[in-house]
Amino acid sequence: MSAMFRSLRGVNYRLWFAGALISNIGAWMQRTAQDWIVLTELTDHDATAVGITMALQFGPALLLGPFAGVLVDRYAGRRVLAITQALQGVLGLALGALVLTGTAQLWMVYAFALALGTVTALDAPARQTFVSELVSTRDLPNAVALNSASFNGARLIGPAVAGVLTAVIGAGWVFLINGVSFIAVLGALWALRVGELHPTEKAPRGKGQLRAGFGYLGSRRDVLAIMVVVALVGAFTMNFPIFTSTMAAEVFGHGASEFGLLSSIVAVGSLTGALLAARRDRARLRTVLGAAAALGGSVALASAMPTFWSYAAALVPVGFFTLTLLTTANTYVQTTTPPSLRGRVMAIYMTILMGATPIGAPLIGLVADWLGPRSAMLVGGTAALLGAAVGLAWLWRGEGWWLGYDPATRWRLTVRSHEPADARDVATSEIDVVEQAATRG
């Protein structure tokens, strides 16, 4: 098996990968159908309502994310995921029943989005850290990248299928299919070979655990720089449901099928970015910042495309740089954080990534309503460029980054830093001091 897919050599990871892929396809189908009925059936093309729906779905992460990290560090990931995945399946089935019976109203969709966001706030850090229990430390960067490939493979399939099914049989059946799809991941969790798992060290009960996570993060300027970038991109750039739905319906005059197609085209680039990330042996900070800058430029370019098909083509690099950014950032944070704190740090990371959406999505929706979808995309592109600039300035000042001469490079200039030769070599001895201080506090 090639190095790109080396994590799939393990039975446990193969089971998880297959189950998560099916479940993710269903989740993307529901997300696409949900955004479409809010925009076209429950409102009169109100992009702000789509933004509010996204805010409610991702908002709970702002409040619950850090506390979810404490639970993930304390309890077995397999048990936590069995509960959260089952609850998401039930929510999908219930929403499908409401839509099929004709009783669904906008406030009900808002309520389901909020409930799903509450469950996801716990599920997200559990899913991220559970990967480390399925593979060895050496294969962790590859497994994280393949997880992104699975997610975006589902993103490639799900929206396109949802667009067709929504147009042919209605959104209610799409929600029901999503609910049933969770059986796959629950079955995978049940079938795992427990004896071949790589259990991580779990934090004991005690005071100051949440404070210890924030204290450790405060000692990691490199990770803080990543979170600044992720916050700006998550808030203003990654509002693709708003961008693609309003561009499809209002600018180009197309329907649900074309909307689903646009979401799948974004995923073509995303899947490519994830697979290329799987080939890398380590994650680099400079890759995160470079991808953020390239993402900003590609979103701005896409906003200027004159036709539907030129716009669709311009979304491929948008997806590519989005996933390059997110996969590299995720891998860097996971592989440079001690296992006993990984759940808390990843929960804070996911809180920033998902929790930024409730702040940015309604604002982007307002911009789309008042100034048009193209202006909203320009705001998103500018935010990504700003994130790259702020992250670079943060590290330039605090980490001693500088421009150096390298005759082996094409442009003879390179950005040098004190970044360790291996991301796993980042000093983690600070953890003891941080946890002791937090406990005393």
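These legends go with a set of close-up views of a predicted model.

**View 1. Helix H2 and the residue that caps it.**
Helix H2 covers residues 47-58. With 12 residues at 1.5 Å each, H2 should span 16 Å, and its end C-alpha atoms are 17 Å apart, so the two values agree. Just ahead of the helix, Asp46 caps the N-terminal end: one of its side-chain oxygens lies 3.0 Å from the backbone nitrogen of Thr48. H2 is largely enclosed by the rest of the structure, because 10 of its 12 residues are buried. Among them are Ala47, Thr48, Val50, Met54 and Phe58.

**View 2. The loops on either side of H2.**
His45 belongs to the loop between helix H1 (11-40) and H2. Is His45 buried or partly exposed? With a relative accessible area of 35%, His45 counts as partly exposed. Look at its backbone too: phi is positive, at about 55 degrees, even though His45 is not a glycine. Gly59 sits in the loop between H2 and helix H3 (60-74). Its relative accessible area is 17%, and since the cut-off for buried is under 20%, Gly59 counts as buried. The C-alpha atoms of Gly59 and Met354 are separated by 7.4 Å, although the two residues are 295 apart along the chain.

**View 3. Two phenylalanines in helix H10.**
The structure holds seven aromatic pairs. One of them joins Phe240 and Phe243 edge-to-face, with 6.3 Å centre to centre and 65 degrees between the planes. Both residues lie in helix H10 (residues 240-251), three residues apart, or about one turn of the helix. An α-helix has 3.6 residues a turn, so residues three or four places apart point the same way. Phe240 is buried at 7% relative accessibility, and Phe243 is buried at 2%.

**View 4. An aromatic pair that links distant parts of the chain.**
Phe252 and Phe308 also pair edge-to-face, at 5.9 Å centre to centre and 85 degrees between the planes. Where do the two residues of this pair lie? Phe252 is in the loop between H10 and helix H11 (256-279), while Phe308 is in helix H13 (residues 308-335), 56 residues apart. Both Phe252 and Phe308 are buried. Ring pairs tie Phe252 and Phe308 into a cluster with Trp309 and Tyr311.

**View 5. An arginine over a tryptophan ring.**
Here the charged end of Arg31 sits over the ring of Trp28, 4.4 Å from the ring's centre.

**View 6. Ser303 in helix H12.**
Ser303 is found in helix H12 (residues 285-303). Its relative accessible area is just 5%, so Ser303 is buried. Leaving out residues up to four places away in sequence, Ser303 touches Arg374, Met377 and Leu378.

**View 7. The nonpolar cores.**
In soluble globular proteins, nonpolar side chains tend to be buried together. The largest nonpolar core in this model has 84 residues, and those with the most contacts inside it are Ile226, Tyr311, Leu315, Leu325 and Tyr349. H13 supplies the largest share of this core, with 11 residues. Take Leu325: not counting neighbours within four places in sequence, it is in contact with Val229, Val233, Val288, Ala291, Ala292 and Leu295. There is also a second, separate core of 21 residues, including Leu8, Val80, Ala143 and Phe182.

Key:
Residues are numbered from 1 along each chain as its sequence is written. This is a predicted model: local features need pLDDT of at least 70, side-chain atom pairs count only at pLDDT 80 or more; totals for chains, interfaces and linings use all residues. Side-chain values use heavy atoms; hydrogens and water are left out. Helices (H or I, at least four residues) and strands (E, at least two) are DSSP runs, numbered from the N terminus. The expected span of a helix is 1.5 Å times one less than its number of residues. Buried means under 20% relative accessible area, exposed over 50%, partly exposed in between (1.4 Å probe, protein chains only). A polar contact is a pair of N or O atoms within 3.5 Å; within protein, one must be able to donate a hydrogen and the other to accept it, and residues adjacent in sequence count only if both atoms are side-chain atoms. Contact means heavy atoms within 4.5 Å. Rings of Phe, Tyr and Trp (its six-membered ring) pair if their centres lie within 6.5 Å; planes under 30 degrees apart count as stacked, over 60 as edge-to-face and the rest as tilted. A charge sits over a ring if NZ of Lys or CZ of Arg is within 6 Å of the ring centre and within 35 degrees of the ring normal. A nonpolar core is a set of buried Ala, Val, Leu, Ile, Met, Phe, Trp, Tyr and Cys residues joined through side-chain atoms within 4.5 Å.
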